[in-house]
Amino acid sequence: MNERDVIRIEGLTRTYVMGTNQVHALAGIDLTVSAGEMVAVMGASGSGKSTLMNMIGCLDQPTSGSYELDGEQVADLGRNRLADLRNRRLGFVFQGFNLLSRTSAQENVELPLLYDRSGRGGDSASRARRALERVGLGDRTGHLPNELSGGQQQRVAIARALVTEPSLLLADEPTGNLDTRTSIEVLALFQELNDQGLTVVMVTHEKEIARYAKRIVELRDGLIVRDVPVHDRGHAAADLGRIMEGAA
Amino acid sequence: MRPDKLIRIAMRSIARTKMRSMLTALGIIIGVGAVIVMVAIGHGAKSRIEQSIQNLGTNMVVITPGTSASGGVSRGAGSFNRLTTDDAEKLQRESMLLSEVTPVIMTFSRVRGGGGNWRAPIYGVAPNFQDIRDWGMASGQFIGAADLRARRKVCVLGATVAENLFPEQDPVGQEVILRGVPFDVIGVLEDKGQTADGSDQDDMVIAPWTTIQDRLAGRQFIAQILGSAWSPDDVEAAMDEAAAIMRESHELGDWEEDDFTVRNQADLAEAATGTTEVMTLLLAAIAGISLLVGGIGIMNIMLVSVTERTREIGIRMAIGARPGDVLTQFLVEAVVLSVLGGLLGVGLGYAGSWVVDYLTGWPTVIDATTVALALGFSASVGIFFGFWPARKAAALSPIDALRFE
């Protein structure tokens, strides 16, 4: 196997039992994502993209098949090992931001470091501040989530995902709660981080968002029906500049 | 996870909801406060009793009629009694270990004098009563040996009697009438306050026992004999010796039980403090129940909190919290809450005890053991009642928790 593969999924299935019915949320997925890629996972609701997201995010275990994250086999790991993997290898960004309320931006960003048992010490407060600076919120460290705009909140969530220096940034509908301009801002940040070498996988149902990725994977009925590189890739920062000009 | 991180996480969660945390801990605060105040009152009562028994004089030996353990044998009415002035004289003569012995004859009478009227116990004693009880004079003098021999009609008033009959003047030199017999007041005793059981020691009149026997009580048997050992170390031996002399005086055979009881102050103290210990325990138990109720309050809020914070639990799990971390976090929150409550409760207990002391004049005593026990108990309450909610939180699946609205 290629050591540069961050995700390596083979024959992955996930079956839910609802009463007497069996629901095949994932019916046999093969997917490899290499380091430095930026992948958009698309699909209608019920296509299985959320389930795939949970699998990649080590939140759920496959019914069959294999999943290697950063060269480590994930299937069959216990809850504690999964938690450690999430902490060390993954950074999550959610649609609803999922920040702790009444908790300052800096404290939110510090949170993953509190659960880090790998002993990669360091001053968690200054690491959190650096992560916030990286997303352009260096001057908002003491603000509470309800004092920040939606875009700023999402950037705090991105800083929280980055603070552990993960192998993979996993975003679930990251722009679902944001207006167009803020969405493009977030995508510009993703592209910038991706250019710095971070692997990004994001789930979205919006084509305009997906075209900022390097590769699009489309799911239907628990199967991958399309897996193509993006030829006319958008440049979010440039688009943002145009929007600003138009507004001015 | 490191304990300092854990406590930091818990403290942050508690600080986020200050008002609710305060209300949650209120049960524990009140519970611990109540335990400390109750035990402080109990200990205060006990120390007061011990002190008032100390007031009697440490070397004192008390002989009372009747056996302490009658062994199921009932002595019928008119059976041979018990204490006489002859016993007291024999003890005074023969005892090597008792320095002083006095009979105490007790009767009740109306005391008339100074235009007033007062009903009080009358004690007929020997002059050495004053040394045995270690009782000073407020004015005048105590009855003397000559008064006893000559059966003089002289008396000494307790402070209460003196105050009631002669509020405006010194009673010494005045006359009081006991059952129609006039007595000259030759002295007033120092104020000694209440005894352990709350009776007023100063409410009495003292006269020579010879006079009382002649004029008031007749040749009846005496209430008790008081003796005083040479030193506190002699008390135990003196009691044995007194018992032997008493048996001889009563001509008891080897097979016969004592028809008298010899006690010292330790015995008296034990009997008196035994009651307060039971009382203290009872008060503490009632207060302890309120602590338990406080614990249930914490469990209640923690359960609500777990449901309310399901999403937070999901976030924590998604970013790498192990189930054990979540369990520990909630457990530590419960313990921190209850220990903080406990600490505030200790403060409340001190304040409450001071208020009780200030308002009622009951002395209160707070000892370190009670405080430590109350704090330890409140921490255990936190662990015990925090465990179930914490386990519920840890068992959540991260996917379901994240999806929770």
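**Entry 1: a helix of chain A and what lies around it**

I began with helix α2 of chain A, and I noted that its buried residues pack against β4 (64–69), β6 (90–93), α3 (105–114) and β7 (168–172) of chain A, together with α10 (310–318) of chain B. I keep in mind throughout that this is a predicted model. The helix itself covers residues 79–89, and its buried residues are A:L82, A:A83, A:R86, A:N87, A:R88 and A:R89. I wrote down a general point beside this list: an α-helix has 3.6 residues a turn, so residues three or four places apart point the same way.

**Entry 2: chain A as a whole**

I then looked up the make-up of chain A, which has 8 helices and 10 strands. Of its 248 residues, 48% are buried. Among the contacts in chain A with a separation of 6 or more, 69% are between residues 24 or more positions apart.

**Entry 3: the two sheets of chain A**

In which order do the strands of the 4-stranded open sheet of chain A stand? I found the order β2-β1-β4-β5, with antiparallel pairing. The edges are held by β2 (21–34) and β5 (72–73) of chain A, each of which has a single partner strand, so one side of each is left without a neighbour in the sheet. I followed the pairing at one edge and saw that β4(A) and β5(A) run antiparallel and are joined by 2 bridges, with A:E68 standing opposite A:Q73 in β5(A).

The other sheet I looked up is also open, and its 6 strands follow the order β6-β7-β8-β3-β9-β10 in chain A, with mixed pairing. Here β6 and β10 (223–229) of chain A are at the edges, and since each has a single partner strand, one side of each is left without a neighbour in the sheet. On average, neighbouring strands of this sheet are turned by 15° against each other, direction ignored. For one parallel pair I chose strand β3 (residues 38–42) and strand β8 (residues 199–203) of chain A, which are linked over 4 bridges; A:M38 has A:V200 in β8(A) as its bridge partner. As a reminder to myself, strands of a sheet pair through backbone hydrogen bonds, either parallel or antiparallel.

**Entry 4: two residues with positive phi**

Most residues other than glycine have a negative phi, and I therefore looked up two exceptions in chain A, starting from that general rule. A:F97 has a phi near 65°, which is positive in a residue other than glycine, and A:F97 is found in the loop between β6 and α3 of chain A. A:E165 is not a glycine either, and its phi is positive at about 50°; this residue lies in the loop between α5 (150–162) and β7 of chain A.

Which of the two states, buried or exposed, applies to A:F97? I counted it as buried, because 22 other C-beta atoms lie within 10 Å of A:F97, and 20 or more are needed for a residue to be called buried. A:E165, by contrast, is exposed, because it has 12 other C-beta atoms within 10 Å, and a residue with 12 or fewer is called exposed.

**Entry 5: the nonpolar cores**

In soluble globular proteins, nonpolar side chains tend to be buried together. The largest nonpolar core in this model has 125 residues, and A:A159 and B:V35 are those with the most contacts inside it. Helix α2 (residues 18–55) of chain B gives the largest share of this core, 15 residues. A second, separate core has 56 residues, including B:F142, B:L157, B:A162 and B:I206. Returning to A:A159, and leaving out residues up to four places away in sequence, I listed A:V109, A:A131, A:L132, A:R134, A:V135 and A:L137 as the residues that A:A159 touches.

**Entry 6: a covered strand in chain B**

Strand β9 (residues 224–229) of chain B is mostly covered, with 5 of its 6 residues buried. It pairs in the antiparallel sense with strand β1 (residues 60–65) of chain B over 4 bridges, and also in the antiparallel sense with strand β2 (residues 98–113) of chain B over 6 bridges. I noted that B:L226 is the bridge partner of B:V62 and also of B:T102.

**Entry 7: where the chains meet**

How many residues of chain B are in contact with chain A? I found 18, in contact with 21 residues of chain A. On the side of chain B that touches chain A, the elements giving two or more residues are α1 (3–16), α10, α11 (323–360) and α13 (398–403) of chain B. The residues of that side divide into 10 nonpolar, 2 polar and 6 charged.

Terms used:
Residues are numbered from 1 along each chain as its sequence is written. Chains are lettered from A and ligands numbered from 1 in the order in which they are written. This is a predicted model: local features need pLDDT of at least 70, side-chain atom pairs count only at pLDDT 80 or more; totals for chains, interfaces and linings use all residues. A nonpolar core is a set of buried Ala, Val, Leu, Ile, Met, Phe, Trp, Tyr and Cys residues joined through C-beta atoms within 7 Å. Two residues are in contact if their C-beta atoms, placed from the backbone, lie within 7 Å. Two strands pair if DSSP finds at least two bridges between them. Ala, Val, Leu, Ile, Met, Phe, Trp, Tyr, Cys and Pro count as nonpolar, Asp, Glu, Lys and Arg as charged, and the others, Gly among them, as polar. Axes are lines fitted to C-alpha atoms, for helices over the stretch in contact, and angles run from 0 to 180 degrees between N-to-C directions.
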